[in-house]
Amino acid sequence: MFGYILPRRDKLSELAKQRYHAAYCGLCRCLKKRYGFHARFLVNYDMTFLYFLLQEGEQKAIERCFCPARVVCKKDCLVRDEVMDFAADMSVLLSYWKLSDAVQDGKFFAKMGAGTLRLFYRRAYAKAARRLPQANAIFSQQLSRLQSLEKTKCSSIDRTADAFASMLKGCALFLTDETQRRIAEQLLYHVGRFLYLADALEDLEKDVRADRYNPLRYRYELCNGALKAEDQEQFLHTVDASIDMAAVALELLAPRADDELLKNIIYYGMPAVIKSVANGTFRKRGMKQ
């Protein structure tokens, strides 16, 4: 996926750090059990966040599990449950549709690579789509909408970001309580909007060089393939607004099993990520965590 939904580890307790890594490893193991070994490569931080968001009640226990990346030792994993299964299914669906988008947008070799990976994961996708047909229909509809906007070189950041944010909003389908689901939908919508905008900002210069669509190319007048200082400041205010709305939704949501992690990600992690993306340091050196 994108990898922008991260905690600030320097502001986490040792227990929260342990639980975060255990959830990531638990999701990796769950992907393998539901879709085969190759599905482990779809594990991502964004769906780890989704797991914590949807997990109600008490904290799940940690157990030791085998890790193929470290064969000489076991790692902590959260116990698998229906929330973990749902996060694994969503990981497959969103990864598949992201590959489909790359096939549409990329140049020849990028299209070939994405197309090959999409073919490789087609069976896993078909299984996930059978398990979550409503979510799959939402992703298909919104991705088609996003691609239509891209083809017309839409200059509206709000319209393109809305299409992607509406995809992530569909991840709240797991919740059965209507009030809680609607709150989670708003939270996920603004997290999705943040993801889309952060990715657009980070990829801007690369997209300009490759002549690929990026909403910032058509919304602002660029200087050497980058945003001018005043335009970047205005853009960052837009991103901050989505972070603020996600924080408001989190306060309205019933307490979750791992509230410390959720609050850390939204209050500290997302602002730190967009700051490092804007500074150009997010991929080069990594965010200080």
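How many helices and strands does the protein chain have?

## Overall fold

The protein chain has 11 helices and 2 strands. The model is a predicted one. Along the sequence, the elements follow the pattern α-α-β-β-α-α-α-α-α-α-α-α-α. In that pattern two helices come before the pair of strands, and the rest of the chain is helical in its listed elements.

The protein chain has 289 residues and a radius of gyration of 19 Å, which agrees with the value near 19 Å that a compact globule would have. Taken along the principal axes, the C-alpha atoms fill a box of roughly 50 × 45 × 40 Å.

## Burial, contacts and surface

Of the 289 residues in the protein chain, 52% are buried. Among contacts with a separation of 6 or more, 70% come from residues 24 or more positions apart.

The accessible surface of the protein chain is about 14000 Å². Carbon and sulfur atoms account for 50% of that surface. As for charge, the protein chain carries 46 positive and 35 negative charges. The mean positions of these two groups are 8 Å apart.

## The disulfide and other cysteines

The structure contains 1 disulfide. The disulfide joins Cys-65 to Cys-77, with an S to S distance of 1.9 Å. Cys-65 sits in strand β1 (residues 62-66) and Cys-77 in strand β2 (residues 74-78), so the bond ties together parts that are 12 residues apart in sequence. Cys-65 is buried, with a relative accessible area of 6%. Cys-77 is buried as well, at 0%.

Cys-30, by contrast, is in no disulfide. The nearest cysteine sulfur to Cys-30 is that of Cys-28, and this sulfur is 10 Å away. A disulfide requires the two sulfur atoms to lie within 2.5 Å. Cys-30 counts as buried, at 1% relative accessibility. Another cysteine, Cys-154, has 7% relative accessibility and also counts as buried.

## A buried phenylalanine in helix α8

Is Phe-194 buried or exposed? Phe-194 is buried, with a relative accessible area of 0%. The residue belongs to helix α8, which covers residues 178-210.

Leaving aside neighbours within four places in sequence, Phe-194 is in contact with Tyr-4, Ile-5, Val-239, Ile-243, Met-270, Val-273 and Ile-274. One of these partners, Tyr-4, is 190 residues from Phe-194 in sequence, yet their C-alpha atoms are 8.8 Å apart in space.

## An exposed phenylalanine in a loop

Phe-41 lies in the loop between α1 (14-35) and α2 (45-54). Phe-41 is exposed, with a relative accessible area of 63%, whereas Phe-194 in helix α8 is buried.

Phe-41 and Arg-181 are 140 residues apart in sequence. From C-alpha to C-alpha, Phe-41 and Arg-181 are 29 Å apart in space.

## Val-103 and Asp-177

Val-103 is part of helix α3 (residues 82-105). With 17% relative accessibility, Val-103 counts as buried, because the cut-off for burial is under 20%. The C-alpha atoms of Val-103 and Leu-149 are 16 Å apart, and the two residues are 46 residues apart in sequence.

Asp-177 is placed in the loop between α7 (157-169) and α8. Asp-177 is partly exposed, with a relative accessible area of 41%. Between the C-alpha atoms of Asp-177 and Lys-11 there is a separation of 32 Å, and these residues are 166 residues apart along the chain.

## Loop residues with positive phi

Most residues other than glycine have a negative phi. Which values of phi do Asp-211 and Asn-224 have? Asp-211 has a positive phi of about 55° although it is not a glycine. Asn-224 also has a positive phi of about 55°, and it is not a glycine either.

Asp-211 is found in the loop between α8 and α9 (215-219). Asn-224 is in the loop between α9 and α10 (229-252). At 76% relative accessibility, Asn-224 counts as exposed.

Key: Residues numbered from 1 in each chain as written. Predicted model: local features only at pLDDT ≥ 70, side-chain atom pairs only at ≥ 80, totals over all residues. Heavy atoms only, no water. Helix = DSSP H or I, 4+ residues; strand = E, 2+ residues; numbered from the N terminus. Buried < 20%, exposed > 50% of the residue type's maximum accessible area, 1.4 Å probe, protein only. Rg over C-alpha atoms; globule rule 2.2 N^0.38 Å. Contact = heavy atoms within 4.5 Å. Areas by Shrake-Rupley, 256 points an atom, 1.4 Å probe, with all protein chains shown as cover. Lys, Arg positive; Asp, Glu negative; His and termini not counted. Charge placed at Lys NZ, Arg CZ, Asp CG, Glu CD.
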